[in-house]
Structures are given as C-alpha cells and as structure tokens.
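Visitor: Could you take me through one part of this model up close? I'd like to see how the protein meets the DNA.

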2 protein chains.
Amino acid sequence: MEQILPHLDSVFSIDCVLFGFDGKELKILLIERNEEPFKDWWALPGNIVGPDESLDQSASRILYELTGLRGIFMEQYYAFGDPHRHPQGRVITLAYYALIRLGGDKELRPISTYAKRANWLPITDLPKLAFDHQKIYDKGLEKIKRRIKHQPIAFELLPEKFTLTQLQHVYELVLGKKLDKRNFRKKIVSFGVLKELDEKQKGVSYRAATLYRFDKRKYAKLFGKEISF
Amino acid sequence: MEQILPHLDSVFSIDCVLFGFDGKELKILLIERNEEPFKDWWALPGNIVGPDESLDQSASRILYELTGLRGIFMEQYYAFGDPHRHPQGRVITLAYYALIRLGGDKELRPISTYAKRANWLPITDLPKLAFDHQKIYDKGLEKIKRRIKHQPIAFELLPEKFTLTQLQHVYELVLGKKLDKRNFRKKIVSFGVLKELDEKQKGVSYRAATLYRFDKRKYAKLFGKEISF
DNA sequence: AATATAGTGTGTATTTTTTACACTAAGTAA
DNA sequence: TTACTTAGTGTAAAAAATACACACTATATT
C-alpha cells in the first residue's frame with residue numbers, strides 16, 4: 001500500500017492478494033484509490049509495516065483492518081522492490097496472499113479510510129491495476145496454483161463443512177482446468193485428511209451430497225509426506 | 001548484512017546463502033564478523049540495498065563484491081523481519097540463495113572490509129551463527145531441497161561438463177539421501193535436458209565416465225512442463 | 001604380461017500410480 | 001408418477017516408480 005509517503009529514503013510495505021471464493025467464482029479484494037498517484041485506479045490493499053511488528057503480524061493486522069477477519073492462513077510469497085515501482089519514492093513491498101471464504105455468515109467489515117471503496121472482483125475480469133500490482137497479483141496466482149497441489153490450502157476457501165463437488169470446483173478454478181470426478185475423489189480421499197460427516201447438504205433441489213470436513217489432526221500426522229495433484 | 005547501521009527507523013538488507021560444491025561436499029560461505037554486535041561470530045554475507053538498485057541487482061552486486069562472481073543463478077526466497085532480530089534496530093532482510101561451483105579454475109576474490117575473513121564451511125559442521133542466520137540458512141536449505149526436485153538448479157553446482165555420477169552425487173547431498181544409480185540415470189536422461197558429449201573424464205585411475213552438458217535450449221522448450229524427483 | 005582395483009554402464013520384472021471412461025442411485029419439483 | 005438434477009461408484013489400460021546385480025573398461029601394481 002502506498003498512499004502514505006512519509007519523507008524517508010525508503011518505505012517498507014505489505015500488499016495483500018486476498019483470494020475469495022463465494023461458491024461460484026474466484027475473486028480478489030481490490031480498493032479504489034482516493035489519492036494520487038493512481039487516483040481512481042484499483043489497487044491491492046496494503047499498508048506500511050509498523051516499527052514494532054513482525055512481518056506476519058503486520059500482514060495479519062492489515063488483513064484485519066481491511067476485512068475484519070482473523071485467523072486466516074496467510075503467507076508471504078515475494079518481495080517487489082524495483083526502484084521505480086512507486087513514482088514518488090522507494091517503496092519495497094512484501095506480498096502476502098490469503099484465502100478467504102466469502103459470503104454466508106460473516107459480512108466483511110468495510111475498508112478503512114484511504115480508499116473510496118473496496119470490492120471483491122472476479123479474477124476473470126480484472127481492471128487495470130495501479131503501480132505494479134498486476135505483476136504482484138500474477139505472481140500470487142501462480143503461487144497458489146503451485147501451492148494448492150502440495151498443501152491443503154483449498155479448504156481455506158470453503159466453509160467448514162463442504163461437499164466433494166465444491167472442493168473439486170475450487171481446484172478446477174485455481175488450476176484453471178477440468179478434473180475428472182472419479183479420479184479426483186479417489187485421490188483426495190486417499191490422502192486421508194478428510195473426515196466424512198453424518199450430515200448432508202441442505203437446501204438444494206436435488207440429491208443432497210455428503211458433507212466433509214478437513215481433519216487437521218490427520219494432516220499433522222502426514223507432515224513431511226508430500227501430497228500431490 | 002547488518003554491520004553498518006545508519007540512524008534510520010528501518011534498514012532493508014539482503015543476506016545471501018551461497019551454496020558451494022567442490023566435488024565432494026556441500027558448503028556455504030560464511031564471514032567472521034569484525035564488529036559488534038556478534039563480533040567474532042560467523043555470519044551470512046549480506047549488505048544493505050542501495051537506493052537505486054532493484055532487489056535482484058542488489059543481490060548480484062553483493063554477490064559480486066563478496067566473491068567476484070557474476071552471472072550466477074540467484075533467487076530471493078524469504079523475508080525475515082522480526083522486530084528484534086537485530087539488537088540495534090529494525091532491520092528487515094531479504095534472503096537470497098545462490099549455487100556455485102567451487103575450486104578448479106577461478107579462485108574467489110577475497111571478501112571486502114567488514115569481515116575478518118570469509119570461508120567456505122561444510123554444511124555438515126556449521127558453527128553457531130550470528131543474528132537469526134541459522135534460521136535463514138535452514139530455510140534456504142529447505143528451499144533448494146524443494147527446488148532441486150523441480151528445477152534444473154543442480155547444474156549450477158557443477159562444472160560445465162560433468163558426469164552422471166557427479167550429478168547424482170549433488171542430488172544425494174542436497175536431498176540428503178541415497179539414490180539408485182540406474183533409476184537416477186533413466187530419469188534424468190528421460191527429461192531430455194542433457195547433452196551427451198563425445199568426451200570422457202580425464203585424470204582418473206579407473207574407467208573414465210562420459211561427460212554431459214546441461215542443454216539450456218532443450219530446457220527452454222520444456223517450459224511449463226514439470227520435472228520431478 | 002597378468003592381476004587387482006575401482007568406478008562405469010546397462011535391463012527387466014514388479015508394484016504403484018495415473019488415466020480414461022459411463023451408468024445407477026437418490027432426492028426434489030412439477 | 002414422472003422428469004430433472006446432481007451424487008456416487010469401479011475397472012481396465014497405460015505410465016511411472018521401484019528394486020535389484022553383474023559384466024565392462026581403464027588404470028595401477030606386481
């Protein structure tokens with residue numbers, strides 16, 4: 001985030017690529033800037049790292065301030081530091097991504113002051129982004145594509161209880177390709193990190209699917225072993 | 001690198017984990033500090049990012065200043081920013097790793113002023129490191145372990161012409177486990193990124209092995225396809 | 001010249017994993 | 001009761017991974 005520029009030689013900030021899933025589409029959170037440079041442009045939410053916080057703490061704080069969310073899986077993935085990436089001075093930024101389940105119960109808190117508004121926009125139809133934020137986003141998407149093949153991050157995008165079809169949908173969206181239903185189920189179940197519940201989907205006008213839950217305990221036991229899509 | 005501390009709110013530096021291979025062992029480059037804090041301790045080489053250089057440029061410059069080497073594959077892998085990682089102030093550091101072939105033709109340039117001396121030390125027997133440098137190193141090793149399975153970085157550790165046995169040796173050292181000779185050869189050859197030369201190893205007192213070269217052209221064509229160990 | 005030594009280089013059978021592919025079952029809505 | 005929509009399941013074929021042992025060749029030694 002670059003809207004505040006104290007007169008320093010260099011500024012260190014964090015920008016977040018927040019991937020959200022509403023059950024249908026993958027979206028990211030963008031803000032519409034209210035200040036120069038790039039006034040009226042869409043940009044990734046971010047902020048400056050405080051003097052007494054660690055990087056992860058800072059990222060959590062920023063996420064909280066922008067969305068009201070806590071306890072979300074976040075991870076740094078790349079530092080961007082081109083000397084000219086910000087027109088007004090040297091700003092090195094560390095990019096984090098987070099995966100968030102949208103809709104349903106909690107509504108996201110409105111975004112703070114420095115932006116006109118914030119919006120979840122589908123990644124299939126993004127506007128031009130301020131600064132080098134397109135690059136930051138691109139690298140973030142690339143990252144989660146690789147990551148979702150080896151780590152159980154897909155669950156972060158889903159409600160606690162979900163169906164296998166929903167899970168497959170997430171994988172297909174992130175990876176950008178169709179997967180075979182039977183093979184997907186065979187594989188994901190074989191990892192042994194899902195707990196089948198005694199519950200069924202509700203409110204659908206067709207046969208209700210069985211609900212599953214991600215089993216952190218079992219996953220912890222697997223640690224070290226690679227899972228792979 | 002933290003030996004210079006201008007009176008700023010925060011400093012942004014780069015630290016390098018330089019992995020070297022001399023044909024026998026994996027080593028990393030360490031310097032012995034000549035200043036407080038951590039005077040006389042071993043530390044990773046690093047330096048402060050200049051105002052007009054990109055992060056990658058800065059890393060290349062630092063590598064060059066410390067070793068005289070150019071054109072080495074380097075990559076950033078993690079930012080460390082605990083507010084107390086440096087006893088004298090806030091220093092956020094970005095870690096890079098590089099892979100370097102040791103010995104043979106070029107001798108490394110002596111290290112610059114701020115260290116008593118620099119040395120390549122085998123990773124199997126490292127001293128206590130200054131600051132959080134052990135953590136930085138650990139994460140770097142982890143990184144190249146994962147990376148070597150999917151990217152052709154092993155070649156950076158070897159001379160231009162190498163034998164398959166040498167290549168296997170590098171994989172075994174990095175991954176920390178023995179590999180089967182026949183299976184290794186089958187697999188690595190099947191990737192199609194090696195060019196078999198009409199040349200044999202020289203100066204050995206046993207049957208000389210065929211030399212190979214990494215074929216960047218062929219590798220470029222593969223791009224997008226995953227290779228995997 | 002014969003022999004010892006040390007690393008090179010190769011093939012196959014078995015197991016495991018991946019892929020391709022289509023129908024019946026269950027629940028809801030009309 | 002029928003039509004509709006998604007859930008849920010198995011198998012055969014292909015590909016990839018693994019386990020495994022011996023003959024070859026260049027040099028050094030006697």
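Guide: Here's a walk along the surface near one DNA strand, with a short stop at a pocket afterwards. Keep in mind that this is a predicted model.

Let's start with DNA strand D, which has 18 residues around it. The closest ones come from both chains: A:Lys181, A:Lys186 and A:Thr210 on one side of the list, B:Lys186 and B:Arg207 on the other. Helix H4 (181-190) of chain A and H4 of chain B each put at least two residues into this surface. Sorted by class, the surface has 10 charged residues, plus four polar and four nonpolar.

Now for the individual contacts. A:Lys181 has a polar side-chain atom 2.7 Å from a base nitrogen of strand D, while B:Lys186 places one 3.0 Å from a base oxygen. B:Lys187 goes for the backbone instead: an N or O atom of its side chain sits 3.5 Å from a phosphate oxygen. Looking at the strand's own atoms within 4 Å of the protein, 37% are sugar or phosphate and the rest belong to bases.

Just before H4 of chain B, in the loop that follows helix H3 (164-175), you'll find B:Lys178. B:Lys178 counts as exposed because its relative accessibility is 72%.

Last stop: the second largest pocket, at about 770 Å³. Among its 30 lining residues, A:Gly71, A:Phe155, A:Glu156, A:Leu158 and A:Lys216 are closest to the centre. Domain 1 (10-150) and domain 2 (160-222) of chain A both contribute to the lining, so the pocket lies between them. That lining has 17 nonpolar, three polar and 10 charged residues.

Definitions and conventions
Residues are numbered from 1 along each chain as its sequence is written. Chains are lettered from A and ligands numbered from 1 in the order in which they are written. This is a predicted model: local features need pLDDT of at least 70, side-chain atom pairs count only at pLDDT 80 or more; totals for chains, interfaces and linings use all residues. Side-chain values use heavy atoms; hydrogens and water are left out. Helices (H or I, at least four residues) and strands (E, at least two) are DSSP runs, numbered from the N terminus. Buried means under 20% relative accessible area, exposed over 50%, partly exposed in between (1.4 Å probe, protein chains only). On a 1 Å grid over the protein atoms alone, a cavity is a set of points where a 1.4 Å probe fits but cannot get out, and a pocket is an open set with protein on both sides within 12 Å along at least five of seven lines; lining residues have an atom within 4 Å of a point. Grid points are joined across faces, edges and corners, and a volume is the space filled by probe spheres set on the points. Ala, Val, Leu, Ile, Met, Phe, Trp, Tyr, Cys and Pro count as nonpolar, Asp, Glu, Lys and Arg as charged, and the others, Gly among them, as polar. Domain bounds come from an automatic or database domain assignment. A residue is near a molecule or strand if one of its heavy atoms lies within 4 Å of it. A polar contact is a pair of N or O atoms within 3.5 Å; within protein, one must be able to donate a hydrogen and the other to accept it, and residues adjacent in sequence count only if both atoms are side-chain atoms.
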